[in-house]
Amino acid sequence: MGELQSEKHVRYILSVEKKKDGFESVVIDHLRLNGAYWGLTTLDILGKLDAVDKDEVVSWIMECQDESGGFGGNIGHDPHVLFTLSAIQILALFDKIDVLDIEKVSNYIANLQNEDGSFAGDMWGEIDTRFSYVAICSLALLHRLDKINVDKAVKYIVSCKNLDGGFGCTPGAESHAGQIFCCVGALAITGSLHYVDKDLLGWWLCERQVKSGGLNGRPEKLPDVCYSWWVLSSLIIIDRVHWIDKGKLVNFILDCQDKENGGISDRPDDAVDVFHTYFGIAGLSLLEYQGLKAIDPAYALPVEVVNKIFLGK
Ligand SMILES: COc1ccc(S(=O)(=O)N2Cc3cc(C#N)ccc3N(Cc3cncn3C)C[C@H]2Cc2ccccc2)cc1
Ligand SMILES: [Zn+2]
């Protein structure tokens, strides 16, 4: 496993950002704005955000904004709340939220809330607790939570809680680590964690650790580095992270590095990608790996960025 090959990961991220036609940019071309958030947040955690041209990135992001106020995954793509959050998070990284027309963006997001408190992802109306988190996280970062009915949003999320203490994408849907992160993150941001049974959910989450030290997303599944974020951030938010073996998880993530060319894969010896490089480095940050900037488990942004937004520091 060795130690974190920080310099190699910085070079890998910068090479993907530059390459326009490689596998990564083709596969995630429709997710280019998400890919930019994953890559740039990784660089910031590694202390190398100044390696990119801030103004060039900011002007490209603003070209992804639709006249509705929402952002698409690339220039000219349909707006979706997922990409709108990525745009806000990247602007927050660069301390450039002021380039936004905050009323326009927050109205776009608020208009996606339904009567029952749930959120659609875009105009096509698919409902998922993922979108509740993305909407609440976005509006909190813009100081515009007052534009939605927070009580109904919280009640809808609680209606998706299962008997195992976990959460699914809609009421009655099975518990899955990705949805648990979204629901626990949204409840944390709205000061509603008292609706969570921390011991019951903590137990479900710590059971995700397999003997290799990695975390899986559901019982009997294979471990995957991106669950180092979905499960770990949830455990930290509900204050039960001491229920897993942090050292073994650190070693699992380090084992998933491509030590030659940089990048991190979902599990040892698989192909690396920007998504798992980000969630691996962010996971190590949550595990307080030395030399990495601290990341906020609910906002998925460096703590210093979150402090600046909420404490004006
Ligand atoms: C390589 O096959 C794929 C399959 C799906 C996707 S995707 O739908 O666009 N997407 C984003 C994603 C990006 C990359 C990268 N670079 C790699 C994977 C991956 N997955 C798939 C995955 C990750 N762990 C296990 N699995 C199977 C998550 C998925 C959904 C998601 C989107 C946004 C935010 C969080 C999650 C992309 C590539
Ligand atoms: Zn994964």
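A residue counts as buried under 20% relative accessible area, as exposed over 50%, and as partly exposed in between. At 47% relative accessibility, Asp95 therefore falls into the partly exposed class. The model described here is a predicted one, and the report turns from this residue to others of its kind, then to the metal site, the ligand and the aromatic rings.

**Loop residues**

Asp95 is found in the loop between helix 5 (81-93) and helix 6 (102-110), and its phi is near 55°, a positive value in a residue other than glycine. Most residues other than glycine have a negative phi. Glu288, which is not a glycine either, has a positive phi of about 60°; Glu288 belongs to the loop between helix 13 and helix 14 (303-311) and is exposed, because its relative accessible area is 64% and the class begins over 50%.

Two further loop residues can be placed by their position and cover. Ala51 sits in the loop between helix 3 and helix 4 (54-63), where a relative accessibility of 39% makes Ala51 partly exposed. In sequence Ala51 and Arg11 are 40 residues apart, while in space their C-alpha atoms are 9.9 Å apart. Asp239 lies in the loop between helix 11 (227-237) and helix 12 (246-255) and is exposed, with a relative accessible area of 51%. Asp239 and Leu215 are separated by 24 residues in sequence and, from C-alpha to C-alpha, by 17 Å in space.

**The zinc site**

The zinc ion (ligand 2) is coordinated by Asp224, which is listed with OD twice, by Cys226 through SG and by His276 through NE2, at 2.1 to 2.4 Å. Along the chain these donors follow the spacing D-x1-C-x49-H. Asp224 lies in the loop between helix 10 (198-206) and helix 11, whereas His276 lies in helix 13, so this pair ties together parts that are 52 residues apart in sequence. Both residues have little accessible area by the cut-off of under 20%: Asp224 is buried at a relative accessible area of 11%, and His276 is buried at 10%.

**The surroundings of ligand 1**

Two of the zinc donors return in the description of ligand 1. Twelve residues surround ligand 1, and the closest are Leu31, Asp224, Asp273, Phe275 and His276. A nitrogen atom of ligand 1 is 3.1 Å from an N or O atom in the side chain of Asp224, and a nitrogen atom of ligand 1 is likewise 3.2 Å from an N or O atom in the side chain of His276. Taken alone, ligand 1 exposes 690 Å², of which the protein buries 55%.

By residue type, the shell around ligand 1 divides into seven nonpolar, three polar and two charged residues. Helix 3 (32-45) and helix 13 (274-286) each supply at least two residues of this shell, and the largest share, three residues, comes from helix 13.

**Aromatic pairs**

A pair of aromatic rings is described by the distance of the centres and the angle of the planes. The count for this model comes to nine aromatic pairs, and two of them are set out below.

| Pair | Centre to centre | Angle between planes | Arrangement |
|---|---|---|---|
| Phe181 and Trp229 | 5.9 Å | 65° | edge-to-face |
| Trp230 and Phe279 | 4.9 Å | 45° | tilted |

The pair of Phe181 and Trp229 links distant parts of the chain, with Phe181 in helix 9 (residues 177-189) and Trp229 in helix 11, 48 residues apart. Phe181 is buried, with a relative accessible area of 3%, and Trp229 is buried as well, at 1% relative accessibility. The pair of Trp230 and Phe279 also links distant parts of the chain, here helix 11 for Trp230 and helix 13 for Phe279, 49 residues apart; Trp230 and Phe279 are both buried.

Ring pairs link Tyr37, Trp38, Tyr133, Phe181, Trp229, Trp230, Phe275, Tyr278 and Phe279 into a cluster. Among the members of this cluster is Phe275, which is also one of the residues closest to ligand 1.

How values were computed
Residues are numbered from 1 along each chain as its sequence is written. Chains are lettered from A and ligands numbered from 1 in the order in which they are written. This is a predicted model: local features need pLDDT of at least 70, side-chain atom pairs count only at pLDDT 80 or more; totals for chains, interfaces and linings use all residues. Side-chain values use heavy atoms; hydrogens and water are left out. A residue is near a molecule or strand if one of its heavy atoms lies within 4 Å of it. A polar contact is a pair of N or O atoms within 3.5 Å; within protein, one must be able to donate a hydrogen and the other to accept it, and residues adjacent in sequence count only if both atoms are side-chain atoms. Accessible areas come from the Shrake-Rupley method with a 1.4 Å probe; for residues, only the protein chains shown count as cover. Helices (H or I, at least four residues) and strands (E, at least two) are DSSP runs, numbered from the N terminus. Ala, Val, Leu, Ile, Met, Phe, Trp, Tyr, Cys and Pro count as nonpolar, Asp, Glu, Lys and Arg as charged, and the others, Gly among them, as polar. Buried means under 20% relative accessible area, exposed over 50%, partly exposed in between (1.4 Å probe, protein chains only). Donors are N, O and S atoms within 2.8 Å of the metal (3.2 Å for Na, K and Ca); water is not among the atoms, so sites may look incomplete. Rings of Phe, Tyr and Trp (its six-membered ring) pair if their centres lie within 6.5 Å; planes under 30 degrees apart count as stacked, over 60 as edge-to-face and the rest as tilted.
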